[in-house]
Amino acid sequence: MEHPLKALWEKPSRLVIGFMSGTSADGVDAALVRITGCGTRTRAEQLGFCFVPFSDEVRAEILRLAGGGPASAADFCRMNFLLGELFCEAGEALCARTGTKLSDIDLIGSHGQTFWHIPEKEEYLSHAFTSTFQLGEEAVLAERFGCPVVGNFRVRDVAAGGLGAPLVPYTEFLLYRSETEHTALQNIGGIGNITLLPAGCALPDVTAFDTGPGNMLIDAAIARITNGEKRYDANGAAAASGHVSEALLSRLMRDPYLSRRPPKTTGREHYGAAFVDGIFSAAAELGLSGADILATVTDFTAQTIAAAISDFCAVRPARLIVGGGGSRNGTLMADIAAALPDVRVLTNEDLGFDGDAKEAVAFAVLANEAVFAQCSSAPGATGARHGAVLGKITL
């Protein structure tokens with residue numbers, strides 16, 4: 001019997017779908033990518049992209065389960081397969097938009113949805129270890145599309161002593177490295193993460209880590225201020241109508257995560273409801289308006305990025321390329337530029353890339369690396385003992 005991956009190995013190029021659902025749990029990013037080669041010979045051409053939002057009830061249930069509150073094994077069992085179905089629907093929407101037959105898809109890479117991430121060792125039943133947990137059943141995708149699916153990318157790095165995040169630095173190394181300029185890439189999803197690519201770097205020279213909150217606190221603040229009527233601050237308009245409270249900002253900048261040395265990663269476990277409660281309690285003491293709260297938490301995200309570059313980047317970048325949903329927040333982008341006056345602050349679009357699709361494209365590339373058994377982790381970013389082939393393959 002022929003090896004089920006042999007046909008992929010022999011193709012000159014492959015049509016790959018990459019899926020990403022981030023900490024904000026707002027929906028599924030899906031990118032269609034034509035990939036040629038592997039390793040440093042990889043060439044990736046984005047052919048299409050779509051975002052399919054979760055319904056309000058699905059998002060609420062994801063956030064409930066990811067919040068660490070009471071839940072049963074049955075809840076996670078159902079959610080695993082529900083997310084598999086929702087990723088399928090996003091893939092079908094992408095194929096419809098690009099005029100692609102489902103049967104033409106060669107490979108799928110799916111990050112899934114993170115529900116819990118424990119990057120620091122903890123004691124459990126007389127054992128100490130780290131762990132991470134993502135859902136979105138890959139077998140459902142394999143059945144619907146009839147092609148191999150690669151998922152669960154984080155666990156191999158965690159098993160090798162890494163943080164399991166961030167995972168995109170490898171693809172950023174392949175696609176964004178410059179021979180002449182120190183380059184930093186800042187993704188602003190629910191959490192912010194930065195990758196530093198020194199000029200002419202090799203993969204072992206790449207460093208990356210989570211800078212702190214991205215859109216998470218901004219989204220949570222505006223949802224609370226508007227009693228759930230708004231999920232996000234469109235273009236930062238509400239924040240622009242307020243004033244930054246230096247007193248509240250100073251308190252926020254004392255967040256202990258910010259002073260921890262990389263490698264490090266964070267998420268809803270740290271910047272969840274309890275953190276937001278603390279912001280609103282402090283704002284009440286200071287008599288701040290809702291607009292002032294939004295202005296301050298928006299600038300907080302910008303200041304965490306600037307602090308990360310000043311404190312933990314061995315070389316100061318000449319340019320910072322910003323992607324993710326935060327790149328569409330004009331107030332946040334202005335705050336970042338003000339906090340980094342000596343750095344050119346750009347977006348992926350300024351360079352001809354699609355910032356919305358960046359992470360989904362990354363997981364398409366990581367899936368391609370997995371089927372060719374290419375090491376695709378960056379130990380300098382995650383702190384793992386060694387590099388590894390990331391992802392589990394479902395045939």
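Two strands are taken as paired if DSSP finds at least two bridges between them. On this basis, strand β8 (residues 183-188) and strand β9 (residues 191-197) of the predicted model pair in the antiparallel sense over 6 bridges. Within this pairing, Gln186 has Ile194 of β9 as its bridge partner.

β8 and β9 belong to an open sheet of 5 strands, arranged in the order β10-β9-β8-β11-β12 with mixed pairing. The edges are formed by β10 (207-213) and β12 (344-347); each has a single partner strand, so one side of each is left without a neighbour in the sheet. On average, neighbouring strands of this sheet are turned by 25° against each other, direction ignored. Helix α6 (residues 169-176) packs on the sheet and touches β8, β9, β10 and β11 (319-323). The direction of helix α6 makes about 45° with that of β9.

At the other end of the strand order, β11 and β12 run parallel and are joined by 4 bridges. In this pair, Val322 stands opposite Thr347 of β12. The connection involves helix α14 (residues 330-339), which together with β11 and β12 makes a right-handed β-α-β unit.

A further open sheet contains 6 strands in the order β3-β2-β1-β4-β7-β13, and its pairing is also mixed. β3 (43-53) and β13 (392-394) are the edge strands of this sheet, each pairing on one side only. From one strand to the next, the twist averages 20°. Strand β2 (residues 27-36) runs antiparallel to β3, to which it is joined by 10 bridges. Val28 stands opposite Val52 of β3 in this pairing.

Two helices are placed against the six-stranded sheet. Helix α3 (residues 73-98) packs on it in contact with β1 (14-20), β2, β3 and β4 (107-110), and the direction of this helix makes about 120° with that of β3. Helix α4 (residues 138-145) lies across β1, β4, β7 (149-151) and β13. Relative to β7, helix α4 runs at about 165°.

A β-hairpin is formed by β5 and β6, with 2 residues between the strands. Strand β5 comprises residues 113-124, and strand β6 comprises residues 127-135. The two strands pair in the antiparallel sense over 8 bridges, and Thr114 stands opposite Gln134 of β6. In the turn, Leu125 has a positive phi of about 50°. Leu125 also contributes to a nonpolar patch on the surface, together with Tyr124 and Phe129. The accessible area of these three residues together is about 340 Å². Of the patch residues, Tyr124 is found in strand β5.

Ionic contacts were also examined. A search of the whole structure finds 17 salt bridges. One of the salt bridges links Glu61 with Arg64, with the closest N and O atoms 2.9 Å apart. Both Glu61 and Arg64 lie in helix α2 (residues 56-66), where they are 3 residues apart, about one turn of the helix.

Notes:
Residues numbered from 1 in each chain as written. Predicted model: local features only at pLDDT ≥ 70, side-chain atom pairs only at ≥ 80, totals over all residues. Heavy atoms only, no water. Axes fitted to C-alpha atoms, helices over the stretch in contact; angles between N-to-C directions. Contact = heavy atoms within 4.5 Å. Right-handed = clockwise from strand over helix to strand, strands pointing away. Patch = residues over 30% accessible without salt bridge, like charges linked within 9 Å, V, L, I, M, F, W, Y side chains within 5 Å. Areas by Shrake-Rupley, 256 points an atom, 1.4 Å probe, with all protein chains shown as cover. Salt bridge = Lys/Arg side-chain N within 4 Å of Asp/Glu carboxyl O.
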